[in-house]
Amino acid sequence: MLQPTASTDAVTVRAPAKINLSLCCGPLRPDGFHDLLTVYQAVSLYDDVSVTEADHLELSVVGEGAADVPVGHDNLAARAVIALAELVGRRPDVSISISKGIPVAGGMAGGSADAAATLVACDALWRTAVPIDELLRVAADLGSDVPFSVVGGTALGTGRGERVEALPAAGTCHWVIVMADGGLSTPVVFAETDRLRTRDVALRHTGPVPAEVLAALATGEAATLAAVLGNDLQPAALSLRPDLSDTLTAGLERGALAALVSGSGPTCLFLASSASDAERLAARLRDDGVGRRVCCAAGPVDGARVLAESH
Ligand code: C5P
């Protein structure tokens, strides 16, 4: 039987950025999406989302790139509240405060992280204890990357990316993340991918996740993983933003084990063998003025999790 509980007044949830260690993109589907076979990893770059009860749904954003984030009901976090409220049969009257650490439109699923954090936060605020399967269904309707932002860790993504399954991964990956000026629109990058492809390369991978990616993850060795990283969206991102080629080269020249565009870009990722190597590489890139901002992150980390609740 349900017991009456004291109401929680504020909940803060932290959600991580995602990277794609491997992203294989199939051809355009009739519904406008592409089938993906991707290995996601959640990394230690975060957005924090706080929710409190309010008279009506409202949203504010501070931090990295806040000025570029819409604050209306079209914001993915606002849509997340509306969808969850509908599911549990209540009004979506909450105030959402987002503190951004994940680059906006950077190919690291920052909007998806906010939506995932908001789902988890409202579920805690309202004490609705929505089963994880249902929460993931709501998440999938909001966006292809949102379910992964809920679960985090290292996972295989299939379908349009919304079907996620945890993968075993040994050790910690150390990344240097170079953020670029401006953003890239995800649909534009997918469309450019279609444009660049000829029919014979349209389906690079149709089977299960390449065995070598799984094997590399199991070893936990950075050099082994470096050899199997890949992103089918990278040619399109580089076609739209040729300057990113220089960024990738700059990282490799300064000692990165591997370099790749993150998701649909324009953020670039560099794999290092250790936390200290990552720090050294980041310092060199900063000194040489590469990118708009350079930071280090490690993965895998948890998905959207409650940081604080106050009564
Ligand atoms: O799912 P999400 O809202 O993040 O997708 C944004 C857009 O990116 C879609 O409307 C679609 O144009 C493109 N997309 C795609 N294939 C995917 C995921 C996204 O074409 N698997």
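Here is a friendly set of questions and answers about salt bridges and strand pairing in this predicted model.

Reader: How many salt bridges does a search of the whole structure find?
Author: Happy to start there. The search covers the whole structure of this predicted model. The number of salt bridges found is 16.

Reader: Which residue meets R14 in a salt bridge, and is that partner buried or exposed?
Author: R14 sits in strand β1 (residues 10-28), and its partner lies 34 residues apart from it, in strand β2 (residues 34-53). The N to O distance between the two side chains is 2.8 Å. R14 itself is partly exposed at 32% relative accessible area. The partner has 18% relative accessibility, and buried means under 20%, so this residue counts as buried: D48.

Reader: Where do the two partners of the salt bridge between R254 and D288 lie?
Author: The closest N and O atoms of R254 and D288 are 2.7 Å apart. The pair links distant parts of the chain, 34 residues apart. R254 is in the loop between α9 (243-253) and β9 (258-261), and D288 is in the loop between α10 (275-287) and β11 (293-299).

Reader: Which residues are joined into one network by salt bridges that share partners?
Author: Good one to look up in the viewer. Shared partners connect these salt bridges into one network. Its members are E64, D181, R292 and R293.

Reader: Is D93 buried or exposed?
Author: D93 is found in the loop between α1 (76-88) and β4 (94-100). Beyond its neighbours within four places in sequence, D93 is in contact with T52, E53, A54, D55, H56 and L57. Its side chain also makes a polar contact with the side chain of R91 at 2.9 Å. Its relative accessible area is 14%, and the cut-off is under 20%, so D93 is buried.

Reader: Why is β2 largely enclosed by the rest of the structure?
Author: Let's look at its partners. β2 runs antiparallel to β1, with 16 bridges, to β4, with six bridges, and to β5, with four bridges. The enclosure follows from the burial of its residues, because among the 20 residues of β2 the number buried is 14.

Reader: Which residue in the turn between β1 and β2 has a positive phi?
Author: β1 and β2 form a hairpin with five residues between them. Within the paired strands, S22 has V39 in β2 as its bridge partner. The turn residue with a positive phi, about 90°, is G32.

Note on methods:
Residues numbered from 1 in each chain as written. Predicted model: local features only at pLDDT ≥ 70, side-chain atom pairs only at ≥ 80, totals over all residues. Heavy atoms only, no water. Salt bridge = Lys/Arg side-chain N within 4 Å of Asp/Glu carboxyl O. Helix = DSSP H or I, 4+ residues; strand = E, 2+ residues; numbered from the N terminus. Buried < 20%, exposed > 50% of the residue type's maximum accessible area, 1.4 Å probe, protein only. Polar contact = N/O pair within 3.5 Å; in protein donor to acceptor, adjacent residues only side chain to side chain. Contact = heavy atoms within 4.5 Å. Pairing = 2+ DSSP bridges.
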